[in-house]
Amino acid sequence: MSKHLQVPVWVMAIGMSVTLIGGGVVGYMTHDAATARQTTTGVPSELKQVVSTYDTIRSNYYQKTSDKKLAAGAINGMLESLGDPYSVYLANTDKSSLDSTISASFGGIGATIEQTGKTLHIQSILPDTPAKHAGLRVGDQLIAVNGKDVASMTVDKAVAKIRGKIGTQVKVTVKRQALAIPTR
């Protein structure tokens, strides 16, 4: 006659729970390690910490994160570390705007515009350009482009209105400060 060993149900339940929890922990740790190895393969050693931080935020942050925002934040952080105010990251419409300017299919009037407070002013005029030939002066306040009010626009939006296909015309309305001329 064979003897069967009887194990209390509660011991079996605890044993199964420990096994399941232990397996889950091992699986989670293995998955995290595999993911880290996979995403850092081919990445320079200096950037592995950036990728690891990115993975940790994506996996463990208490709120849902945007992959695009995280990537843009990392890029902007790298550019800020340069200490160069002219090194900037252009994304989406800003990049498209620059691309169209560089491609030379669009032209401008040969003037740079700056925003001072809530007004737009001509900051500089290049020699032998349409802006110079039209009589624009540094300090002129930009009021309208082709009859459309631009006084409350950002510089980028106003410049986009001024740009056009090379050879086309644009009507720019400016307000000029009165000149103080000394008498003799």
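# Exercises on strands, core and salt bridges

Four bridges join β4 to β7, and the two strands run antiparallel. Keep that pairing in mind as you work through the exercises below; the model is a predicted one.

## Exercise 1: The surroundings of β4

**Task.** Work out which strands pair with β4, and how many bridges join β4 to each of them.

**Solution.**

Step 1. Start with β7, which is joined to β4 by four bridges in the antiparallel sense. To find a residue pair on this side, look at Leu142, whose bridge partner in β7 is Val174.

Step 2. Turn to β3, which pairs with β4 over two bridges, again antiparallel. Here Leu142 serves as the bridge partner of Leu120.

Step 3. Go on to β5 (residues 148-149), an antiparallel strand joined to β4 by two bridges. Within this pair, Ala144 stands opposite Asp149.

Step 4. Check the connection between β4 and β5: they form a hairpin with two residues between the strands. In the turn, Asn146 has a positive phi of about 50°.

Step 5. Finish with burial. Four of the five residues of β4 are buried, so the strand is largely enclosed by the rest of the structure.

## Exercise 2: A second hairpin

**Task.** Describe how β2 and β3 pair, and find the residue with a positive phi in their hairpin.

**Solution.**

Step 1. Locate β2 at residues 111-116 and count its bridges to β3: there are six, and the pairing is antiparallel.

Step 2. Pick out one residue pair as a check on the register: Glu114 has His121 of β3 as its bridge partner.

Step 3. Look between the strands. The hairpin has two residues there, and Gly117 takes a positive phi near 65°.

## Exercise 3: The nonpolar core

**Task.** Identify the residues with the most contacts inside the largest nonpolar core, and the elements that give two or more residues to this core.

**Solution.**

Step 1. Recall the general background: in soluble globular proteins, nonpolar side chains tend to be buried together.

Step 2. Take the core itself. The largest one has 14 residues, and Ile113, Leu136, Leu142, Val150 and Ile162 have the most contacts inside it. The elements that give two or more residues to this core are β3 (119-125), β4 and α6 (155-162).

Step 3. Follow one of these residues outward. Setting aside neighbours within four places in sequence, Ile162 touches Ile109, Ile113, Leu142, Val145 and Val170.

Step 4. Bring back Leu142, which you met in the first exercise: it has bridge partners Leu120 and Val174, and it is in contact with Ile162.

## Exercise 4: Two salt bridges

**Task.** Find the two salt bridges and decide for each partner whether it is buried, partly exposed or exposed.

**Solution.**

Step 1. The background is that side chains of opposite charge can pair when their charged atoms come close.

Step 2. Asp67 and Arg58 form one salt bridge, at 2.9 Å from N to O. Asp67 counts as partly exposed because its relative accessibility is 35%, and Arg58, at 44%, is also partly exposed.

Step 3. Asp140 and Arg176 form a salt bridge at 2.7 Å from N to O. This pair links distant parts of the chain, 36 residues apart: Asp140 is in the loop between α5 (130-134) and β4 (141-145), and Arg176 is in the segment after β7 (172-175).

Step 4. Compare the burial of these two partners. Asp140 is buried because its relative accessible area is 2%, while Arg176 is partly exposed at 37%.

## Exercise 5: The chain as a whole

**Task.** Summarise the fold pattern of the chain, its burial and the confidence of the prediction.

**Solution.**

Step 1. Count the elements: the chain has six helices and seven strands. In sequence order they follow the pattern α-α-α-α-β-β-β-α-β-β-α-β-β.

Step 2. Consider burial and surface. Of the 184 residues, 15% count as buried. The accessible surface comes to about 14,600 Å², of which 60% belongs to carbon and sulfur atoms.

Step 3. Consider contact range. Among contacts between residues at least 6 apart in sequence, 42% join residues at least 24 apart.

Step 4. Weigh the confidence. The mean pLDDT is 78, with 73% of the residues scoring at least 70. Confidence is lowest in helix α4 (residues 93-102), with a mean of 55, and highest in β5, at 92.

How values were computed. Residues numbered from 1 in each chain as written. Predicted model: local features only at pLDDT ≥ 70, side-chain atom pairs only at ≥ 80, totals over all residues. Heavy atoms only, no water. Salt bridge = Lys/Arg side-chain N within 4 Å of Asp/Glu carboxyl O. Buried < 20%, exposed > 50% of the residue type's maximum accessible area, 1.4 Å probe, protein only. Core = buried A, V, L, I, M, F, W, Y, C linked by side-chain atoms within 4.5 Å. Contact = heavy atoms within 4.5 Å. Pairing = 2+ DSSP bridges. Areas by Shrake-Rupley, 256 points an atom, 1.4 Å probe, with all protein chains shown as cover. pLDDT = per-residue confidence, 0-100.
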